[in-house]
Amino acid sequence: MQITPSERSLAIKDNVVDFMNKHIYPMNKHYNEIEASDRRNDPEALAFIEELRAKAKGLGLWNLFFPHLRDDEPGTGLSNLEFAPICEEMAKIPWASQVFNCNAPVTGNMELLAAAANEEQRQKWLRPLLEGECQSSFVATEPEVASSDATNYQTTIVRDGNDYVVNGRKWFISWSMHPKTTFMIVMGKTNPDNPSRHKQHGVIIIPLDTPGVEILQDTTVMNAYHIGGHPEILLRNVRVPAENLLGEPGDGFAIMQSRMGPGRIHYGMRCVGLAEVALGLMISRAKERVAFGKHLHEHGSVANDIGRSRIEIEQARLLTMHTAQALDEKGPKGARKEVSMLKIVGTELLQKVSERALRVHGAMGVSNQTPLASLFTLGMHLSIADGPSEVHLPGIAKAELRDHDPADFLKYYDVPAR
Ligand SMILES: Cc1cc2nc3c(=O)[nH]c(=O)nc-3n(C[C@H](O)[C@H](O)[C@H](O)COP(=O)(O)OP(=O)(O)OC[C@H]3O[C@@H](n4cnc5c(N)ncnc54)[C@H](O)[C@@H]3O)c2cc1C
């Protein structure tokens, strides 16, 4: 396992840190105020982000997450291993990744289009995303069915002459209310009669302004609204040209796989960066606050929390690098187990470290005076988004069982097979 990032990666990381210090940290308070206000999806209120994006793009700090960049496309695509330490830095301000065109869910959509779009579709849908001209959303989850089992999706995509007609109801569709979002990548049933439940779905692109697309209501996440929203969307007789289908009818699962690896690995990278923020705040508070005649860090349980957090962050960072390398070498399908492990480890790390930090801050920790309450809830909702931990765990166990030969294992020990 290579755990030293490349020189190119370290140089770009320095530039990203410099950019964040100069342009992003100073705007954090402003961003949070806008997000908490009714202007959160107002293009005028968000104009400052577009200015920052133009600056970052001009410096080549753009599309860094994307290893499939062609020479004529903008930015500096890196391997996953090279991107890992940079993503960790960007994560220290949760909204910063969009300034570098490295934000979810668009990163996953770009990966998906790179894997599944034909040349014409690549020009029409991927290129504007790479250029930063628009944003997009990924549309899978449905309120009526348990969507952690993706074979449950009921939305229909039916061929009608040269078009497809889409009907269904979706929710938690992040970024759909962002003023720059122009299209959605939608999963639904194209082949309901296929005997394999994994060959019944297809993936189609729907421009947001197509008649029949209706945003019903935004949804809060742990009691807060987010920029871009996570709304519920009704698709009623939505008609789009047949050329908007990605791949073949029935290819939906295979196509979705291409967005799951890279999309999910970024969660791990981000959680490590955010856990560093939480630990930094915990230590600062423990060094300045005095209770029962001692600084907080002099109380054994607080010292233990600091030590335990450092161990867990380093463990998660190593798993991040290992997973990034596996993804580079084996692709999303081959690295599925590692990606699942990292999603669980990363999101649990963020919950644990931010909870400890929050407690060390006492009442202040649960207030809006620190980012800790937001970090704690972020860890919680990331552990549900893109597949809950409970669904990733059996997947990891399945891979273990598949790769394990009891005969091989038992021969080294004096354990009789029964
Ligand atoms: C902040 C946020 C943003 C999101 N953004 C998007 C988006 O942009 N696009 C999109 O399509 N979706 C999005 N989602 C939805 C997310 O992907 C789904 O919520 C997730 O896949 C789970 O589906 P569900 O909510 O229907 O839960 P269900 O499938 O109903 O599962 C509920 C619970 O049942 C338990 N469970 C399920 N299966 C198992 C199992 N095999 N073993 C043990 N326990 C199990 C788990 O505890 C799980 O949390 C987002 C969610 C959140 C929270």
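**Exercise 1. Polar contacts with the ligand**

In this predicted model, how far is a polar side-chain atom of serine 148 from an oxygen atom of the ligand? Then look for polar contacts made by phenylalanine 138 and glutamate 390.

*Solution.*
- Step 1: Start at serine 148, where a polar side-chain atom sits 2.5 Å from a ligand oxygen atom.
- Step 2: Check that against the cut-off: a polar contact needs N or O atoms within 3.5 Å, so this pair makes the list.
- Step 3: Hop over to phenylalanine 138, which uses a backbone N or O atom, 2.8 Å from a nitrogen atom of the ligand.
- Step 4: Finish with glutamate 390, whose side chain has an N or O atom 3.0 Å from an oxygen atom of the ligand.
- Step 5: Now for the surface: the ligand taken alone exposes 970 Å², and the protein buries 67% of that.

**Exercise 2. Who surrounds the ligand?**

How many residues surround the ligand, and which classes do they fall into?

*Solution.*
- Step 1: Count the shell and you get 21 residues, with Phe138, Thr141, Ser148, Phe172 and Ser174 the closest.
- Step 2: Sort them by class: twelve are nonpolar, seven polar and two charged.
- Step 3: Trace where they come from. Strand E1 (135-139) and helix H12 (389-403) each chip in at least two residues.
- Step 4: Zoom out to domains: domain 2 (135-249) and domain 3 (253-406) each give at least three residues to the shell.

**Exercise 3. A pair of rings**

Are the rings of tyrosine 31 and tryptophan 95 stacked or edge-to-face?

*Solution.*
- Step 1: Get the geometry: the ring centres are 4.6 Å apart and the planes meet at 5°.
- Step 2: Planes under 30 degrees apart count as stacked, so that's what we call this pair.
- Step 3: Find both partners in the chain. Tyrosine 31 is in helix H2 (residues 28-36), while tryptophan 95 is in the loop between helix H4 (80-90) and helix H5 (106-116), 64 residues apart.
- Step 4: Check for cover: tyrosine 31 has 5% relative accessibility and tryptophan 95 has 4%. Buried means under 20%, so both fit.
- Step 5: Look for company: ring pairs join Tyr31, Phe48 and Trp95 into a cluster.

**Exercise 4. Unusual backbone**

Which peptide bond is cis, and where do asparagine 63 and aspartate 386 lie?

*Solution.*
- Step 1: Recall the background: most residues other than glycine have a negative phi, and most peptide bonds are trans.
- Step 2: The cis bond joins alanine 104 and proline 105, with omega about 0°. Proline 105 is in the loop between H4 and H5.
- Step 3: Asparagine 63 has a positive phi of about 55°. You'll find asparagine 63 in the loop between helix H3 (47-58) and H4, buried at 0%.
- Step 4: Aspartate 386 also has a positive phi of about 55°. Aspartate 386 is in the loop between helix H11 (372-382) and H12, and is partly exposed at 23%.

How values were computed:
Residues numbered from 1 in each chain as written. Predicted model: local features only at pLDDT ≥ 70, side-chain atom pairs only at ≥ 80, totals over all residues. Heavy atoms only, no water. Near = heavy atom within 4 Å. Polar contact = N/O pair within 3.5 Å; in protein donor to acceptor, adjacent residues only side chain to side chain. Areas by Shrake-Rupley, 256 points an atom, 1.4 Å probe, with all protein chains shown as cover. Helix = DSSP H or I, 4+ residues; strand = E, 2+ residues; numbered from the N terminus. Nonpolar A, V, L, I, M, F, W, Y, C, P; charged D, E, K, R; others polar. Domains from an automatic or database assignment. Phe/Tyr/Trp six-rings, centres within 6.5 Å; stacked < 30°, edge-to-face > 60°. Buried < 20%, exposed > 50% of the residue type's maximum accessible area, 1.4 Å probe, protein only.
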